[in-house]
Amino acid sequence: MTLRSRLLAGCGAAIAIVLLPALFAANRLAELEELAVEGRARHAEALVSLGAMRTSLADLDRFARSYVATGDEALAREAERALDTIVQEHGRLSGPPYTASAEALTPLLSELTTTAAAISEAMPSGRVDTATELFLGLDRTLDRTDRALGAVADSIGAVARRDLQRAETLSASSRQATLLGMVLALLIATGVATWASGALTNPLRHLGRAMARVADGDFEPSGHLPADRRDEIGDLTRSFLVMSERLADLDRLKAEFIGVASHELKTPINAIHGYAELIQEEFGEAAPEEYGRMVDGIAEQARVMARLVDRLMDLSRLEAGAYRVQLDTVFVQDLVTGVLRAFEILARQRSVTLDATVEPDTPETLVMDLDLIRDEVLGNLVSNALRHTPEGGSVVLSVGPTEHGASFTVTDSGPGIPDEERDLVFRKYYRGSTEAPGTGLGLAIARETVLLHGGRITLLEEPAGGGASFQVTLPSDPRDATDGVRTAP
């Protein structure tokens with residue numbers, strides 16, 4: 001499944017899950033609407049029919065009474081219309097939910113119809129007494145019918161109250177069910193979204209870390225890289241692995257080239273330096289002053305080139321892991337004293353205060369390659385600090401304990417390092433905006449040396465008074481801290 005398909009599937013599932021409670025709520029609302037609209041209309045129609053029946057009962061009583069008293073046929077027809085209205089309205093009440101109540105009226109209406117027909121037969125034949133007696137029976141039937149209509153009214157009210165209770169119950173259950181459904185839907189949708197997000201971000205996070213290691217010069221990706229995925233991320237990972245292999249090959253070729261070139265350059269450089277010294281010894285003070293300066297310049301530049309070649313070779317061996325360190329037990333105080341003595345003359349020449357502090361809990365000894373740590377690490381940091389500190393400034397070497405060893409911090413009062421250059425200072429050949437001489441290899445060699453000892457070197461936040469502060473953390477014994485240490489045979 002492609003990444004696009006996974007995202008679409010995740011979004012579709014989340015939308016479907018969230019829509020389910022909405023559809024449930026819509027269905028419940030339709031039921032409530034039926035109860036509210038249709039039920040109200042049904043009750044209203046029943047009440048209208050009931051009112052019409054009661055009105056027609058009163059008209060039937062009035063017209064029948066007048067007809068018996070006067071014998072006016074017009075009143076008989078009005079009484080007949082009133083009775084027809086009662087029967088018609090009774091038919092409207094006969095449907096559910098009033099069927100049982102309406103059926104109780106059926107025998108009474110039959111009795112009213114029979115009695116009214118008998119009165120209509122007795123009056124034209126002049127049997128007034130019989131018609132009067134029949135009317136008294138009709139009057140009693142009208143009373144019973146009116147009471148029955150009252151029972152029907154009570155039934156309508158009971159049905160209306162039952163519908164109201166049902167609507168309230170339905171509303172409460174719908175609200176609870178909808179809220180519960182929404183909560184469950186949100187939880188499930190969150191789970192689906194988390195799954196979809198994890199399927200995207202987790203492999204990208206591993207891939208990003210591997211890219212960061214490659215950017216730092218580690219061309220051997222480790223970790224769980226999603227190279228077996230059959231989507232865009234898998235394609236990207238496989239392309240990245242191929243790129244890493246090619247970069248590793250290029251880095252190896254570069255290291256080999258630097259090593260070979262440095263080795264081959266040493267012979268002509270030594271020859272140039274030797275010829276310059278030979279000229280100086282041969283002619284001495286007899287050579288013209290201008291020629292003497294040129295020979296001195298040739299010798300000096302030959303020495304600079306020799307140092308550069310040596311540093312290139314050292315860096316190449318360090319990066320390739322071919323540099324074999326000579327581990328010895330070194331007294332920390334002796335190491336600090338040696339660094340101070342090596343640079344006290346340079347500090348005095350530059351009018352810079354050079355000082356060192358060793359905290360009481362600092363380990364007395366550390367296992368290290370003394371020459372590498374003293375010259376390539378601490379010496380390089382102190383030399384850089386002195387070079388960038390103005391007259392009247394200070395450089396301090398502070399030593400303190402750590403959980404598994406000791407830390408060495410070199411702090412100066414110079415102009416500091418710009419924020420945009422802080423992440424670049426340990427790169428090879430990077431010299432930043434400084435105008436001071438150098439090759440840009442010192443900090444790169446220091447970093448590789450510290451890593452070879454199982455430690456780390458970092459550029460700390462700018463001190464309160466300005467300047468730059470580098471910290472080197474070394475273990476008590478690098479053989480216990482890393483498997484990468486190569487000791488001398």
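Is Glu-448 buried or exposed? Glu-448 is buried, at 17% relative accessible area, where buried means under 20%, exposed over 50% and partly exposed in between, with a 1.4 Å probe and protein chains only.

1. This is a predicted model, in which local features need pLDDT of at least 70, side-chain atom pairs count only at pLDDT 80 or more, and totals for chains, interfaces and linings use all residues. Residues are numbered from 1 along each chain as its sequence is written, and side-chain values use heavy atoms, leaving out hydrogens and water.

2. The largest nonpolar core (buried Ala, Val, Leu, Ile, Met, Phe, Trp, Tyr and Cys residues joined through side-chain atoms within 4.5 Å) has 35 residues. Leu-335, Phe-408, Phe-470 and Val-472 touch the most other members. Elements giving two or more residues include helix H8 (332-349), helix H9 (370-388) and strand S7 (469-475); helices (H or I, at least four residues) and strands (E, at least two) are DSSP runs, numbered from the N terminus. H9 supplies the largest share, 7 residues.

3. Another core, of 33 residues, lies apart from that one and has Leu-75 and Phe-135 among its members.

4. The structure holds 10 salt bridges, each a side-chain nitrogen of Lys or Arg within 4 Å of a carboxyl oxygen of Asp or Glu. Glu-448 pairs with Arg-447, their closest N and O atoms 3.4 Å apart; Arg-447 is partly exposed at 26%.

5. In helix H2 (residues 73-93), Arg-81 and Glu-78 lie 3 residues apart, about one turn. Their salt bridge has its closest N and O atoms 2.0 Å apart. Arg-81 is partly exposed at 44%, and Glu-78 is partly exposed at 28%.

6. A network of salt bridges links Asp-61, Arg-65 and Asp-139.
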